[in-house]
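Subject: Structure for you to look at, with notes

Dear colleague,

Please find below the structure that I said I would pass on to you, followed by my notes on it. I would be glad if you read them with the structure open beside you.

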Amino acid sequence: MSVGIVALVVFLGIIGWAAISDGMTPPSSIQTIDPTKVAVTPPFDHPGIRRTGDHSVDAYVVAHIFSFSPSTISIPAGTEVTFYVTSPDVVHGFFIADTAINMTVVPGWVNSAKHRFTTPGTYLLLCNEYCGSGHHFMSGSIVVK
């Protein structure tokens, strides 16, 4: 019994030391939103792009059954986009092909990720969390010109 407790303490110590030495920290400044009021809460009451600099924008996206709002985002090449995504209904996914963006979108939470689109083209946006019977229709696109 005591060997098991010592092994558990050593294991948790190694995990904690590895997390701290790698700079991992719990998420901070978590944004939340009342999922029943997404449609009337700024900035998600008017989802879309807001310019924040010469080559940067914020994109506010609402994932809801079974689409994204807006469904298409158009930006110039070289633009850094910070995506802010929430859901008013169920858990959705937010995956942009050929990028490292892959988030789970939980009602009541605002998830975010940043990416610089340097190559022109159309990037497929998919829900990768099964969200219901119309899940396979839930897609969008990021058009980089």
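I begin with threonine 82, which, leaving out residues up to four places away in sequence, touches Val57, Asp58, Ala59, Ala113 and Lys114. Please keep in mind throughout that this is a predicted model. Threonine 82 has its place in strand 6, and it is buried, since its relative accessible area is 11%, which falls under the 20% that is the limit for that class. One of the residues that it touches, Asp58, is also its bridge partner, for aspartate 58 is paired with threonine 82 in strand 6.

Tyrosine 84 is another residue of strand 6. Apart from neighbours within four places in sequence, tyrosine 84 is in contact with Gln31, Phe44, Asp58, Ala59, Tyr60, Val61, Val110, Asn111 and Ser112. Two of these lists can be read side by side: Asp58 and Ala59 are among the residues that threonine 82 touches, and Asp58 and Ala59 are also among the contacts of tyrosine 84. A further distance may help you to place this residue, namely that tyrosine 84 and valine 105, which are 21 residues apart in sequence, have C-alpha atoms 9.8 Å apart in space.

For the setting of these residues, it helps to step back to the whole chain. The secondary structure of the protein consists of one helix and eleven strands, and, read from the N terminus, the order of the elements is α-β-β-β-β-β-β-β-β-β-β-β. The protein is more spread out than a compact globule, because its radius of gyration is 19 Å, well over the 15 Å that the globule rule gives for 145 residues. Along the principal axes, the C-alpha trace spans about 60 × 35 × 30 Å.

Of the 145 residues, 34% count as buried, and the protein exposes about 8,500 Å², of which carbon and sulfur atoms supply 62%. Among the contacts with a separation of 6 or more, 58% are between residues 24 or more positions apart. As for charge, there are 6 positive and 9 negative side chains, and the centres of the two sets lie 9 Å apart.

The element to which I would draw your attention next is strand 3, residues 56-64, where eight of the nine residues are buried, so that this strand is largely enclosed by the rest of the structure. Which strands pair with strand 3, and in which sense? Strand 2, residues 48-53, pairs with strand 3 in the antiparallel sense over five bridges, and a hairpin of two residues joins strand 2 to strand 3; within this pairing, arginine 51 has valine 57 of strand 3 as its bridge partner. Strand 6, residues 79-86, pairs with strand 3 in the parallel sense over seven bridges. Strand 4, residues 67-69, runs antiparallel to strand 3 and is joined to it by three bridges, with alanine 63 and phenylalanine 68 as bridge partners, and here too there is a hairpin, with two residues between strand 3 and strand 4.

Within strand 3 I looked more closely at valine 62, which counts as buried at 5% relative accessibility. When neighbours within four places in sequence are left aside, the contacts of valine 62 are Val38, Phe44, Pro47, Ser67, Phe68, Ser69, Thr86 and Pro88. One of these, proline 47, is 15 residues away from valine 62 in sequence, and the two C-alpha atoms are 6.7 Å apart in space. Phe44 is listed among the contacts of valine 62 and also among those of tyrosine 84.

Finally, there is strand 11, residues 139-144, which is likewise largely enclosed by the rest of the structure, because five of its six residues are buried. Strand 5, residues 72-75, pairs with strand 11 in the parallel sense over four bridges, and in that pairing isoleucine 75 has valine 144 as its bridge partner. Strand 10, residues 121-126, pairs with strand 11 in the antiparallel sense over six bridges, and leucine 124 stands opposite serine 141.

With best regards

Methods: Residues are numbered from 1 along each chain as its sequence is written. This is a predicted model: local features need pLDDT of at least 70, side-chain atom pairs count only at pLDDT 80 or more; totals for chains, interfaces and linings use all residues. Side-chain values use heavy atoms; hydrogens and water are left out. The radius of gyration is taken over C-alpha atoms; the globule rule is 2.2 Å times the number of residues to the power 0.38. Buried means under 20% relative accessible area, exposed over 50%, partly exposed in between (1.4 Å probe, protein chains only). Contact means heavy atoms within 4.5 Å. Accessible areas come from the Shrake-Rupley method with a 1.4 Å probe; for residues, only the protein chains shown count as cover. Lys and Arg count as positive and Asp and Glu as negative; His and the chain ends are not counted. The place of a charge is taken as NZ of Lys, CZ of Arg, CG of Asp or CD of Glu. Two strands pair if DSSP finds at least two bridges between them.
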